[in-house]
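Some comments on the model follow, as numbered points. Please read them alongside the sequence and coordinates.

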Amino acid sequence: MEANMNTVFERPKSLKDTDFHFCPGCHHGILHRLVAEAIDYYDLQDDTIGVASVGCSVFMYNYFDIDVVEAPHGRAPAVATGVKRVHNDKIVFSIQGDGDLAAIGTAEIIHTANRGENITIIFVNNTTYGMTGGQMAPTTLLGQVTTTSPYGRDFRQDGYPIRMAEMLATLEGAAYVCRVAVNKPANILKAKRAVREAFRMQKEQMGFTFVEILSACPTDWKMTPADACKRIGEEMIPYFPLGVFKHRKIADHL
Amino acid sequence: MKKTLIKGNEAVAMGALDAGCRCYFGYPITPQNEIPEYLSRHLPEQGGTFIQAESEVASINMVLGASAAGARVMTSSSSPGISLKQEGISYLAGSELPAVIVNMSRSSPGLGGISASQADYWQAVKGGGHGDYRVIVLAPASVQELYTLTCQAFDFADRYRNPVMILGDAMLGQMKEPVLRKPPEKGALPAKPWALTGKKGRAANVVKSLYLGEGELEAHIWKLEEKYERIRRELVLYESMDLEDAELIVVAFGTAARISMSAVRAARGQGLRVGLIRPISLFPFPEEVLCRASRNTPAFLTVELNTGQMVEDVRLAVSNGARVHFYGRPCGAGSLPTPGEILQRIRTLCEPSHGPGQERPHGSEHEHRV
């Protein structure tokens, strides 16, 4: 019967055979896998260059078996721009957290999108600074208690959570902007399609592609992994609606 | 070959092009705008990349990316912009990435002014950004040298996998002089097996500066230090003038050296035995040269366009017993010292009986016995 056995699930080729260091219930592992699957789907492992951002995502090079350069905090889109302008024929991407992308790196992400750099950014929105121990992020929800918003985020003190996908979708340079979640299997499948679409579009020189992924940080949320997934559905998605905000169908040529 | 009359900033841009630089990322700031303006016109002709970035911070990080990808890459700015680039320069050094950074420095602190200044000496030579690292610093004193040293800077950067800074100033960047544009031999650029090109046919390359494992960072920093030691041995550049019989040696770099040279020539004309040492590489600093010179001539006058920065390195370099004097002025509009001011200082030091005279210099003076 052995001859009839098909492999239906295996480690993507672009991921190294090593354990993730991420906390139990953290969604980074899932989204790393989604990215690796997209790279493998288009057979891009030898042609992909990753940019490691600062945060839990920095250890990208421990997991992806691809060339990687490490960027300073918030600067991954600028570093990716430099790489891409040298190797226009390579696939260049970064995975950035919400502190990295929506606070310290706001200028870089906006201008990289606006230039229409042909790169892919995977934006991990977990409403907190994970690596530094759960401080308030620009995406922290109103009322959410963090180590630096101990009374709950108050708009009078800290303003409002930023909706990055909606904001970037207003820029002409952006080719694909969407928000997905990985809190349940149905959403993971949609997220997988979104990540694959972003890589396809980059491969076809369509311009800047951006996938925001609502993710759990059970450790800093002080929740069980199951409750953390529930919170994404009940609290995050109502404020950060899932969907495609921009989807260019053809490359933008003058 | 004919010389052409060009601005210092244009000479830098031409030097970069002739050295094979095909990527430039920058942000406008006076007094260095001719560099990006020239390259925005001429890089596309060569199939290169020019990006006017959203900030100095973004531009130095584009430099980091392009360098990691294996390209010869440059950015330029002036003092306040160079402060913003320091984060990226620290990452470049930590990740052992070659790059050329030009500082056409202007008067500061803060917004300061737009006139020539050497107040960024410490920032350039002593680190600037966070961490235990060194940047190779070259200080041209003419438009010709701006061209030649920019060409060489790319070779040094690649040879040592280290950032190289060209430390000019508003005067050098803005003045016009005849330049012989003699491009370096067009050989193949050095191989960069560490660069990111996609891992086809080899193991994945990682360019990083984060080392969390037990003892990893210490080993990395010692490796960097060994490299800096090699740079100290191999890369010292300087010019000297009239040292043989000198009773006093003027030490100055860049624009201050140009002004000092006129003063030294005038002093010689008056029979005063004065020499000059002009450090061209500020890191590595010509310590040995100064130390040797101090055995014959134990009196120095350091001249700078600031209140006294390089003078500290001169004091550290000279042998025991040498006297190190300082003359300098913090620069703003109308504050550039004249050769006459420096000559007067030289006369006072060479002929103590001469006294400071009627015409008091504007600058700060101090003496220090080592």
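1. In this predicted model, helix H8 of chain A, residues 185-203, lies across four strands of chain A: E3, E4, E7 (174-181) and E8 (208-214). The helix runs at about 165° to E7(A).

2. The sheet is open and has eight strands with mixed pairing, in the order E9(A)-E7(A)-E8(A)-E4(A)-E3(A)-E1(A)-E2(A)-E9(B). Its edges are strand E9 of chain A (243-247) and strand E9 of chain B (206-207); each has a single partner strand, so one side of each has no neighbour in the sheet.

3. Helix H3 of chain A (residues 76-86) also packs on the sheet, where it touches E1, E2, E3 (91-97) and E4 (120-125) of chain A. Its direction makes about 175° with that of E3(A).

4. Strands E1 (residues 48-52) and E2 (residues 67-70) of chain A run parallel and are joined by four bridges. Within this pair, Val51(A) has Val69(A) as its bridge partner.

5. How many bridges join E2(A) to E9(B)? There are two, and these strands run parallel. Val69(A) has Val207(B) as its bridge partner in E9(B), and Val69(A) is also the partner of Val51(A).

6. Between the chains, 28 residues of chain A are in contact with 33 residues of chain B. On the chain B side, strand E2 (23-26), helix H3 (56-68), helix H4 (79-94) and E9 each supply at least two residues. H3(B) gives the most, with nine residues. By class, this side of chain B has 17 nonpolar, 11 polar and five charged residues.

How values were computed:
Residues are numbered from 1 along each chain as its sequence is written. Chains are lettered from A and ligands numbered from 1 in the order in which they are written. This is a predicted model: local features need pLDDT of at least 70, side-chain atom pairs count only at pLDDT 80 or more; totals for chains, interfaces and linings use all residues. Two strands pair if DSSP finds at least two bridges between them. Two residues are in contact if their C-beta atoms, placed from the backbone, lie within 7 Å. Axes are lines fitted to C-alpha atoms, for helices over the stretch in contact, and angles run from 0 to 180 degrees between N-to-C directions. Ala, Val, Leu, Ile, Met, Phe, Trp, Tyr, Cys and Pro count as nonpolar, Asp, Glu, Lys and Arg as charged, and the others, Gly among them, as polar.
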